[in-house]
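Hi everyone, thanks for making time this morning. Let me put the structure up on the screen, and then we can walk through a few spots together.

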Amino acid sequence: MLPYLAVQKVYIVPVMRNRLNFCVLFRQAFEELKLGPRDLIAVEVPAHIKDAYLECVADLPKVSVVHTAGDDGKTREIFTITPCDAVAEATRTARENGIDVAFIDRTLSPSALEGRQCVDNPAWPDDGFALIKGIEWYIAQVDELLAVPPARSDPVDEWRESYMAGQIQELAPWYDRIMVVCDLVHARPLMAQLQQPPDSQLLDDDRTDNLRVRRLRPSLSHLLQSLDDIPRLVEAYDHKRHVALNFWKMREIVAIVHHLAKSSPDMAFSVRNYDAFTSLLTKMGECQGRLSPTLDDVRLAGVSCFNDAFGERIFRHLLGYFDDLKVGRVKTVARPLDTESRFYELQVAPSAAPEYVARNCNPWITEYEIQSEPRPPEDYPRGGTHSEVAWPPCDRFADEMRRKAHRVLTTATVQTTSIRFRGSIESGVDVRRTMRSQLLQRSPDLDTPRSGPEIYVRKIERTVSDGYEWLREPTAWILDTPADIDTFRFTYGTGGDKGEKFALDWRFSQERRSVSHSDDLKVEYESTPGYLAFMDLTTTGRQARAAFGADFGRRTPVVSSFRNVAIGNRWELAPRALDDVEFEIESWWEALILAGLIYCEARLVCVAPADLRIPNRVLHYANSHRKSIHRVPLGAFDRDEQRKLSHLYWVDGVWKPPRDSNDPKFHEFLIRKYGDQMTRSWG
């Protein structure tokens, strides 16, 4: 199971271009042969681009492109230099270890390659098998595919193989061993020709005086095509290429995801999440006959085993590559660094007649059509100073969950009881209890026999909602009861215009933490185990006053009414009305419930864990003020909903402040302008 093919003192390492697993294969061959200064590495690159190619290799991991053009300029041959290209890796390794490098491919006019079309081939086996079962086994699996287009293009490939064989035979006397790194399609033909006597007529140099060589940076689509299946894996390989003998894509993806989760303070996952992620990814590969996961598979497994927001975050992170490529939107949208606000939509497109041609075909091809999105007009142009607001989708989600709690309260309840038969069959005979009555009446263990068997029937009672307007009442959310609350403090969110601000909510939360920071936007989040929503968090001042009318001041506290109030063993920022409570407030969640009772009209909705016991003094306070607490179990909300409710995101940017921070037009402006950046955090 060797990583090379050997003929005399020549060791051929067959590779596929721009494929990470074949870089690992080269590293394995290099370490096994232990090449030194008296050896040579020959690479499948034409000599006329040697200088430009070496410059690009020295610039790795920056991705570069070398292209040659003839006098007509219509067709240009392209050579891509990336860390995941085994030929570039061989050149790079040779230079680092003081080993001579020979560029042995034949110079061709780009017009000779016209008409060659590289297409995706689903029948091609996963290149991970070359590492597991050896290169000879892998070549045997693809022999038939290598013999026909697009993998092979005769007579051009025959010319190249004869030329490369002649070059190797000419160099052989000067070196102890020669390692040849060439495309998979040329491996066996080269072996056959190396066993034949050299033909000096094949060594004539091609003309290069009419070829122009240029070094460029790749376009966005070409960059994505050249970085294997997952660009971030190429970055990971580049960091550990000197110890990459056991580099395995699956293991690296799990490590990257784990590191991403650890660097995301707003995400917390258990070992079970990672076990499920690894198992699902492995099973998906097995079902499709692959060892290496695809980007789509990783995204699907991330969404399934973690949550939607983190699944999208995984996708965005894996699609990035150093500073060359950053993702501006999930679901196949990428943004290069050198643009300020233009986003590119990447869509799979059919192959067209290429402007650029290449002498080797990769069977894993994905082509992209890149379209720039028109920039919408900005209702709130930049200007003024930095201002921060809660991220509107967070508030909208909280309002949606508030309505879900109301639906739990208003759903008609059904209760079934079993009663003795009194002439009405009700909803049917309760067979089980009737039979039990028969058996108990006949039991010899009874001292006093029962009067006789009885018939029991089922009675169904339905409780119908009274149609109460729950939206007019506050909702207390108790999402968690952390043991250590030293880092938590009370704060509030405001609504209304600049003239008179009022509290939309009052929450118990940790100090804000930074999530990301760019030139035009700073994103922070705060974790909260509970809060009190006096109304919908997206309510404008005009809507609040219209809803509550003359009761407005009694239904929500104005900002000026907040002061320090004793809660537990410390002073907290709270509505002044809590000072009127005659007993000591012992906990933060008790304070939330009491504030809700003070500002509700008649009923307080309380979403809390089922095992949370509300103290009798709070219940007596509610009864004495003719108000009631209506509980909704926290279990009515799934884990992802609870996570989103417990995290509030803030955006800090420069814009013209609106009169009301809940102005719908302002919210649409924020979502339109920063929605792509915020998907990484909020989802």
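Let's go straight to N360, whose side chain makes a polar contact of 3.3 Å with the side chain of E44. There is a second such partner: the side chains of N360 and R17 are joined by a polar contact of 3.5 Å. Please keep in mind as we go that this is a predicted model.

Where does N360 sit along the chain? You'll find N360 in the loop that runs between strand 12 (356-357) and strand 13 (368-372). And is N360 buried or exposed? Its relative accessibility is 13%, under the 20% cut-off, so N360 counts as buried. Leaving out residues up to four places away in sequence, the residues that N360 touches are R17, E44, R116, C118, R160, D183 and H186.

Two of the names around here lead on to other things. D183 from that contact list also appears in the lining of the largest cavity, together with M16, W124, L146, A151, L184, V185 and C361. How big is the largest cavity? Its volume is about 40 Å³, and the structure holds one cavity of 30 Å³ or more. If you sort the lining residues by character, you get seven nonpolar, no polar and one charged.

Now to the loop between strand 2 (10-15) and helix 1 (20-33), which is where N18 lies. N18 is not a glycine, and yet its phi is positive, at about 60°. With a relative accessible area of 13%, N18 is buried.

Go on to the loop between helix 1 and strand 3 (40-46), and you meet K34. Here again we have a residue that is not a glycine with a positive phi, this time about 50°. K34, however, counts as exposed, at 63% relative accessibility. So N18 is buried, whereas K34 is exposed.

While we're on backbone geometry, let me show you some cis peptide bonds. L60 and P61 are joined by one, with omega at about 15°. P61 has its place in the loop between helix 2 (50-58) and strand 4 (64-69). Another cis bond runs from P149 to P150, and there omega is near 5°. Look for P150 in the loop between helix 5 (135-146) and helix 6 (156-171).

Next stop, helix 13, which covers residues 308-319. From first C-alpha to last, helix 13 reaches 17 Å with its 12 residues, close to the 16 Å expected at 1.5 Å a residue. At its start, a side-chain oxygen of N307 comes to within 3.2 Å of the backbone nitrogen of A309.

Why do I call helix 13 largely enclosed by the rest of the structure? Because 10 of its 12 residues are buried. They are A309, F310, G311, E312, R313, I314, F315, R316, L318 and L319, and you'll notice that charged residues, including E312 and R313, are on that list.

Let's zoom out to finish. How many helices and strands are there in the chain? There are 21 helices and 27 strands. Of the 683 residues of the chain, 51% count as buried. And among contacts with a separation of 6 or more, 75% come from residues 24 or more positions apart.

That's my tour, folks. Happy to go back to any of these spots on the screen.

How values were computed. Residues numbered from 1 in each chain as written. Predicted model: local features only at pLDDT ≥ 70, side-chain atom pairs only at ≥ 80, totals over all residues. Heavy atoms only, no water. 1 Å grid on protein atoms, 1.4 Å probe; cavity = no way out; pocket = protein on both sides within 12 Å on 5 of 7 lines; lining within 4 Å. Points joined across faces, edges and corners; volume = space filled by probe spheres on them. Helix = DSSP H or I, 4+ residues; strand = E, 2+ residues; numbered from the N terminus. Expected span 1.5 Å × (residues − 1). Buried < 20%, exposed > 50% of the residue type's maximum accessible area, 1.4 Å probe, protein only. Polar contact = N/O pair within 3.5 Å; in protein donor to acceptor, adjacent residues only side chain to side chain. Contact = heavy atoms within 4.5 Å.
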